[in-house]
Amino acid sequence: MKHTEKKVFKTIRKFNLIEKNDRIAVALSGGKDSLSLLYILNKLASTQRDISLMAILINEGIHGYREKTLKDAKAFCKKYNTELNVYSYKDEFGYTLDQLVKKIPLNACTTCGVLRRYLLNKYARKLKVTKLATGHNLDDEAQAFLMNTFRNNMEISARLGPITGVVKDKGFIPRIKPFYLLTEKETATYAYLKKLTSHFTECPNIKGSLRDNVRNLLNDFEKLYPGTKHAVINSYLEILPSLKKHYATTKKLQQCKYCEEPSSKEVCKTCQLLEKIKRK
Amino acid sequence: MKLSIFIEKTNKKLALEVKEGILIEEVLNQLGINKTTVLTAVNKGLVPEDTKIKKGDSLEILSVISGG
């Protein structure tokens with residue numbers, strides 16, 4: 001467990017993820033990665049008094065899944081005396097994710113990602129957070145890079161990495177990933193041994209999705225060719241500076257004409273989605 | 001020897017006939033489970049996959065895959 005913690009602190013130093021006086025919000029889902037992340041960052045904050053920590057949880061309203069992890073998240077924050085701010089799709093948009101995907105034909109995962117990132121950024125900014133920490137691990141990031149490659153979405157790959165973003169904009173709170181070099185198995189081992197959670201549950205919407213298929217592919221390759229996942233990430237990190245440079249020159253940010261949140265287009269993806277729903 | 005196994009993901013219990021001293025990794029292969037996707041516990045204690053099974057051991061297989 002000390003080894004895992006050392007690896008996380010090393011990742012933070014290597015990529016300069018946390019700076020003096022940072023006000024950090026952990027994007028907490030109540031799952032093994034975000035609970036472990038909050039636990040480890042609490043340890044860091046106890047020795048680095050200039051940084052402050054809180055948690056933000058976005059409740060998508062996924063029945064049979066989110067209720068359990070929400071309970072774990074609340075119990076954890078109470079136990080470790082961490083400020084927890086909860087926001088829901090229902091309160092913000094009028095619908096849970098389950099209701100949204102019933103109302104209009106949407107890819108549940110893509111939609112959920114758009115809406116969750118929107119709310120995380122919006123409330124991180126309102127709470128005057130300087131960094132948003134997510135529990136994305138090496139497996140997640142290797143999958144994301146492959147997914148973007150399979151879909152010819154290199155611009156999205158340019159925005160990812162241990163710290164997200166291509167251009168700096170006051171509207172966007174940078175997202176940091178202290179678990180960037182930890183495998184999913186490492187984070188699961190940590191959470192299990194530290195007794196942070198006994199639930200390693202999958203979102204019911206993931207079955208048959210692109211991510212599910214890419215995950216299975218990567219795991220199969222890792223079994224046959226140990227080190228594959230690390231090789232994918234190292235290859236990505238090697239080309240990332242070039243990707244960021246390339247897309248920085250073409251990237252222009254503006255404010256969405258409806259919600260005034262930062263957007264690459266006149267109307268942000270979230271408002272485009274909400275428009276589609278209104279028309280139904 | 002009969003090895004008592006609990007697969008957490010499917011909530012299934014089974015008993016597998018194995019040779020004493022078999023590696024957990026070999027048991028996983030027999031069950032068609034990828035070792036990179038699971039944690040393995042013997043008698044409630046987490047162990048690596050190159051651990052040998054002894055008579056009377058019970059094996060728990062936990063999926064590490066979670067979230068969305």
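## A walk through the helices and cores

Let's start where two helices of chain A sit side by side: A:Leu35, A:Leu38 and A:Tyr39 of H2(A) make contact with A:Asp72, A:Ala73, A:Phe76 and A:Cys77 of H3(A). Sorted by class, the residues in this contact come out as 6 nonpolar, no polar and 1 charged. The two axes approach within 11 Å and cross at roughly 10°, and that makes H2(A) and H3(A) roughly parallel. Keep in mind throughout that this is a predicted model.

H2(A) has another partner in H1(A), and here the geometry reads quite differently on screen. The axes of H1(A) and H2(A) also come within 11 Å, crossing at roughly 70°. An angle from 65 to 115 degrees counts as roughly perpendicular, so that is the label for H1(A) against H2(A). On the H1(A) side, the residues involved are A:Lys2, A:Glu5, A:Val8, A:Phe9 and A:Ile12, and they meet A:Tyr39, A:Ile40, A:Leu41, A:Lys43 and A:Leu44 of H2(A). This contact is made up of 7 nonpolar and 3 charged residues, with no polar ones. If you've been keeping track of names, A:Tyr39 turns up in the contact with H3(A) and again in the contact with H1(A).

Now step back to the interior. The largest nonpolar core counts 36 residues, and A:Ile18, A:Leu38 and A:Leu41 have the most contacts inside it. Helices H1 (2–14), H2 (32–47), H3 (66–79) and H9 (184–193) of chain A, along with strands S1 (23–27) and S2 (52–59), each put at least two residues into this core. Which element supplies the largest share? That's H2(A), with 8 residues. For a look at one of the well-connected members, pick A:Ile18: leaving aside residues up to four places away in sequence, A:Ile18 touches A:Ile12, A:Ile24, A:Leu41, A:Leu44, A:Ile51, A:Lys131 and A:Ile176. There is also a second, separate core of 32 residues, with A:Ile58, A:Leu127, A:Leu273 and A:Ile277 among them.

A:Val26 gives a good view from strand S1 of chain A. Its relative accessibility is 0%, so A:Val26 counts as buried. Not counting residues up to four places away in sequence, A:Val26 touches A:Ser34, A:Leu37, A:Leu38, A:Leu41, A:Leu53, A:Met54, A:Ala55, A:Ile56 and A:Ala133. One of these, A:Met54, lies 28 residues from A:Val26 in sequence, with 6.3 Å between their C-alpha atoms.

Next, follow the chain to H9(A). Of its 10 residues, 7 are buried, so H9(A) is largely enclosed by the rest of the structure. The buried ones are A:Glu184, A:Lys185, A:Glu186, A:Thr187, A:Ala188, A:Tyr190 and A:Ala191. What covers them? The cover includes H1, H2 and helix H7 (138–150) of chain A, plus strand S3 (38–42) of chain B. Just past the end of H9(A), A:Lys195 has a positive phi of about 55°.

H7(A) leads us on to H10(A), the helix spanning residues 210–224. Their axes come within 9 Å and cross at roughly 115°, so H7(A) and H10(A) are roughly perpendicular to each other. The crossing is right-handed. From H7(A), the contact takes in A:Asp139, A:Asp140, A:Ala142, A:Gln143, A:Ala144, A:Leu146, A:Met147 and A:Phe150; from H10(A), A:Leu210, A:Arg211, A:Val214, A:Arg215, A:Leu217, A:Leu218 and A:Asn219. By class, that's 9 nonpolar, 2 polar and 4 charged residues.

Finally, a few stops in the loops. A:Lys128 sits between helix H6 (108–126) and strand S4 (131–133) of chain A. Although A:Lys128 isn't a glycine, its phi is positive, near 60°. Is A:Lys128 buried or exposed? Its relative accessibility is 64%, so A:Lys128 counts as exposed. Chain B has a residue to set beside it: B:Asn11, in the loop between strand S1 (2–7) and strand S2 (12–17) of that chain. B:Asn11 also isn't a glycine, and its phi is positive at about 55°. B:Asn11 is exposed as well, at 59% relative accessible area.

The last stop is A:Glu266, in the loop between strand S7 (262–263) and helix H12 (269–279) of chain A. A:Glu266 touches A:Gln254, A:Gln255, A:Cys256 and A:Lys257, residues up to four places away in sequence not being counted. A:Gln254 is 12 residues away from A:Glu266 along the chain, and their C-alpha atoms are 7.1 Å apart.

Methods: Residues numbered from 1 in each chain as written. Chains lettered and ligands numbered in written order. Predicted model: local features only at pLDDT ≥ 70, side-chain atom pairs only at ≥ 80, totals over all residues. Heavy atoms only, no water. Core = buried A, V, L, I, M, F, W, Y, C linked by side-chain atoms within 4.5 Å. Buried < 20%, exposed > 50% of the residue type's maximum accessible area, 1.4 Å probe, protein only. Helix = DSSP H or I, 4+ residues; strand = E, 2+ residues; numbered from the N terminus. Contact = heavy atoms within 4.5 Å. Axes fitted to C-alpha atoms, helices over the stretch in contact; angles between N-to-C directions. Parallel < 35°, antiparallel > 145°, perpendicular 65-115°, else oblique. Left-handed = near helix turned anticlockwise from the far one by under 90°. Nonpolar A, V, L, I, M, F, W, Y, C, P; charged D, E, K, R; others polar.
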